[in-house]
Amino acid sequence: MSTLLEIRGLVKHFGGLNAVDGVDLDVEAGEILSVIGPNGAGKTTLFNVVTGLYPPNGGSIVFDGHHLVGLKPNQVCSLGIARTFQTVRLFPNMTVLENAMVGQHSRTRSGLLGAVLRLPHTRAEEQSVREQARDALAFFGSRLASFREDQPAMALSYANRRRLEIARAMATIPKLILLDEPTAGMNPKETEEMISLVGKLRDERGLTIVVIEHDMRLVKGVSDRVVALDYGRKIADGTFAEVSSDVRVIEAYLGKGAVKAG
Amino acid sequence: MIGSKLLRRAAIAGLIGGIAIIYLALVGMIEKFEARHLIGDWLNLGRLMLALPPLLAAYLATRPRVQAGRVVRLSRGPAITAGLVSGVLAGGLAALWVAFVHLFPDGAVRNIFVAVSPTLLSIMTFGKSLLVGALLLVVVGAVLGALGGAYQTLPERLRRPLSIGLATTFMFALLQRIIPQLLFYLNLDSTWLYSTTFGGLTPIGAVVVFVVATALPALWASRGQMVRQRVAQLPPARRRTLNVSRLLLLAVVLVLLPRLIGSTLSQVLGQIGIYLLMGLGLNIVVGYAGLLDLGYVAFFATGAYLTALFTGAHLVTSLGAVASPDFVLHLNFYAAVPLVILVAAFIGLLIGAPVLRLRGDYLAIVTLGFGEIARVLVASSWLQKFTGGPQGLRDITDAHIGSVGFRDPQPFYYLVLAFCALAIFVSVRLADSRVGRAWSAMREDELAAEAMGISTVRYKLLAFAMGAAVGCLSGTLFAVQIGSLTPDSFTIVVSITALAVVVLGGMGSIRGVVVGTMLLIGLPGLLDEFEEYRLLVYGAALITVMILRPQGLIPNVRRMRELQEEEVAQDQWLKEEAPAVTAAGGGGGS
Amino acid sequence: MTEQSGGPVETAPRPRTVTLAERFPIHRLTLLAVAVLVTFGVVTGSWKTIAQGGVTGAGWRLFLVFGIAQGSIYALIALGYSLVYGILLMINFAHGEVFMAGAFASYFVAQSLESKGLLDRDPIPSLALLFLTAILVSMLVAVLLERVAYRPLRNAPRLVPLITAIGASLFLQYTFSGFFGSDAKGYPSVKSLNGTFNILGFPVSRTQVLTILTAIVMMVGLRLFIARTKTGKAMRAVSEDKEIASLMGININQVVVTTFAIGGILAGVAGVLFALNFSEVDSFMGFVPGIKAFTAAVLGGIGSVTGAAIGGLILGVAESIGPVLLLTGIHVPATNQLRDVVAFTILVLVLVFRPGGILGTGEPEKA
């Protein structure tokens, strides 16, 4: 099994705040890795740096043999990393289908000439884009299909919006998907569904998945491996059982006095 | 009885109406518009300006309101009373003002407010003495107010046809230069419809137009549903032929238009066409890509000057001798155009490149700066050898094919029509393509778009380049139309006009841009008295549109959702499109 | 281990090559080219001018003082932009018209004062009246603008209030030209302001002295107001974080209105000073100074009071000395129009290279 993503000594600080403070991380191809940690631990910043939103202040990131540091987000995306956002960032006035079709952008090429002249190559591409988008939507059953396709994204319920964001990320045909708190704001039933969904993503679509999560049910139900961050540093790395009983992790979440109770 | 809240609303509306009347008087519209007769000799545009504020104030004050979650309409009594209050206050305020003006010695007010002439005052007092006139103002205000309030209480199925009827009659009255021409061309007599002495509609003509225009929508309302259903049930092949035949009909009308309306009016059409092209170009930059460009005149100027320089124009010298600019090509017009587009697109890239990172407001100001720099450069003595400086260039090609020149209004129209059709074609194709999607995504959420693989750099540049290409075409046409160029034609007013057209019509909507151009360029072109107030109206229109209906007159469907109340759109959508949701229960998801 | 029972879609993305456009980023090249050209132009032009010695020491001094005076006016107007931007994150495009309105109103008062001879006989109360009129009218226009055009759009996407502001600017310009005529009005001159004072042994125009002093007084006053008064504190709070400020019990609407009013006061004063310096008002006089003042605000760092002052100063001096310095050497006549180009060029350069302004950071603001 190969290492898909290799992060070494990653540092990102904002003024005086060290959001990511020397993180080493490996992600194996085909595994589901959860990143946990208290609020402000640097998890989302980690995602942001990996995907090129912020340039790191130090360290290296190698993905599938490519160096990611210095690349722009759209370049990172075409290399095969897709992500969702902590606060869902859909294109609210575009339809569900269109949102998914946008995901296909980096896998297609037609530009100005193709659009204006409707060359056969462009028409075939549009057809394929639609199919791929529908396929990604179909992953969620009937929730995002048929009549829903033409609804504006902002008309969707909250849970459906999160699902659409994942579908959009899937449509980029990634190798690695970064999910940022996918179950935030969901009820227990929806969270259950998300657990099986994440598993399906890996099993059926062959994706490697890194999930930032607070909900330990999801973390337990889904992860092959768990990494814990605190104040920008990795404080634990192992299976869920190992990490959840790690003293430092408990301290980070509950404070020093809580260890006795644990 | 009339509630106190309603009373207050009516009072405020009335006072605002009064202020509006005073404003219109002070700015000179009431007097200047007197000359435009609408119906017979008793309703002219000036009087209409006087009458509209109390009418509108009453109408708006008696609007249905949301109370405790329900929409509450007023019943006839309170509505009319409220309308009366508004109207009386509006008229009263105006009357007070007229009286107040009379207190001053003759001409004293005119020293400051130049529009306050004796003519104006007599218009406002209906030609009677001060006391009678003032009283009349109040009474007329009251009547109009009552009418406005009553109008609000009419049932919807009556109100809609009536409104359409009134609007159509008004349109017919305004188009008093075009329609008689049309009828003349069709060998129909128009003297029963339009008064030859006054220019506007005859009373009989007005009544006829009104009745027909009211009856048609009423009929459509009852039969229309059936027709629409029948059309929806047609097999797709049939429907396509229907669409094609509609387009063909439109094409035929467009081709015949200059013949129908005569040469002078064709000039207006040419003007409309030039601004339509500009609007279409700006529509790509602002409407599709969401980049507010306030310096669009730079592309307009580029297109005009490049065309001149590539087709062998001359410098304007004071001696009358023929001198050539330091750089000039002598290409045929149709060979020059692609070259102009290429250079303009490149300049678009140059302008876009530095501003890529900037946020909306800053982007607008920088482009404004570019526009101004362009104007100054073109007029400067420094570049005089190339651009002709303040005197400009002359002897520009008339884009002839063989011996047919296109400078005359009617042939020019066809040239414009061809270019506009091309621009519309390109815009439509772009909107519904991968490029269009990328632009939409970028406009809605730049960060997310970038994360999804869209290079915002590339697509912003592309938008600028496309906008430049289309904008420069309008400059090209302008150069051909006038045959010579001076820097005075390239002021910021051009940029703002283009913006107004796009905003009013609907950002991102091609049909909207067409309508916007027709209204904002066509009307002032047809009715000279509007010309003076063009920019004032643009300014007011921009404010009004942004506050009341930011998606524009004919919105692009997507943009409408973006700018309108989200909840309204959401509810509307769910109601219309997914009746099956509740029935399907859990299958539809949470 | 995972089963690669791949779905109907390809799982391997097309290998990605870095495109040519990305390896030679055209926009970075353009920026570089522009920077080089500008620096070259500035250095060459200045060098040639100084070498030729066409302008005397007294001449430079005149230009300098004129630049400082003009810069003071820009600074006063710029403060209005800065304050409003700090609170609402919007550019009040119509602020130039607020300035114009004050100047225009004071024109009528000045005319009537002059016809009665009061302008020359009692200059100090006359001037005070002029300033008062301008302040009141400018304040009124500013507050009306906020109430009618901007408040309904407080939460709209950013494009919308900007377009509204443009519309308001147009509307005001043409309303004034419709009301009062589109011709330029000659502003009466105040006899006591003609002539010069002796500053440091050099003659300096009295009007310019008044301008600079008034501007300094107003700016110091503003500084004290913002730092010491409760309203000033509220303004600072709202500009930091509107939501939290409202949670702390600050009435946002009131603060916004106050901000606009203060901007109006400053603009009104600037209006009278401008009119006294240039002896002319017309309904379109606000447009160009408005843009220049905005340039000054951005130059110094928008949202910052000191920044607006510094920006105004720099812009005024650059505009005054710049064209002469750069262009006389290469024999290009430094017309007024080219002076405007200096301002616009600075605007473009600042926004492109350093949108945060001189006092700000080098980072452009995130969306």
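No salt bridges (a side-chain nitrogen of Lys or Arg within 4 Å of a carboxyl oxygen of Asp or Glu) are found across the interface of chain C and chain B in this predicted model. The rule does find 3 residue pairs in polar contact there, both residues being at pLDDT 80 or more; a polar contact is a pair of N or O atoms within 3.5 Å, where within protein one must be able to donate a hydrogen and the other to accept it, and residues adjacent in sequence count only if both atoms are side-chain atoms.

By class, the side of chain C that touches chain B has 40 nonpolar, 10 polar and 3 charged residues. Here Ala, Val, Leu, Ile, Met, Phe, Trp, Tyr, Cys and Pro count as nonpolar, Asp, Glu, Lys and Arg as charged, and the others, Gly among them, as polar. Helix 7 of chain C supplies the largest share of this side, 15 residues (helices are DSSP runs of H or I, at least four residues, numbered from the N terminus).

In contact (heavy atoms within 4.5 Å) are 53 residues of chain C and 50 residues of chain B.

The model scores ipTM 0.92 and pTM 0.86. Chain C has a mean pLDDT (the predictor's confidence in each residue, from 0 to 100) of 83, with 86% of its residues at 70 or more.

Residues are numbered from 1 along each chain as its sequence is written, and chains are lettered from A in the order in which they are written. Local features need pLDDT of at least 70 and side-chain atom pairs pLDDT 80 or more, while totals for chains, interfaces and linings use all residues, and side-chain values use heavy atoms, without hydrogens and water.

Key:
Helices (H or I, at least four residues) and strands (E, at least two) are DSSP runs, numbered from the N terminus.
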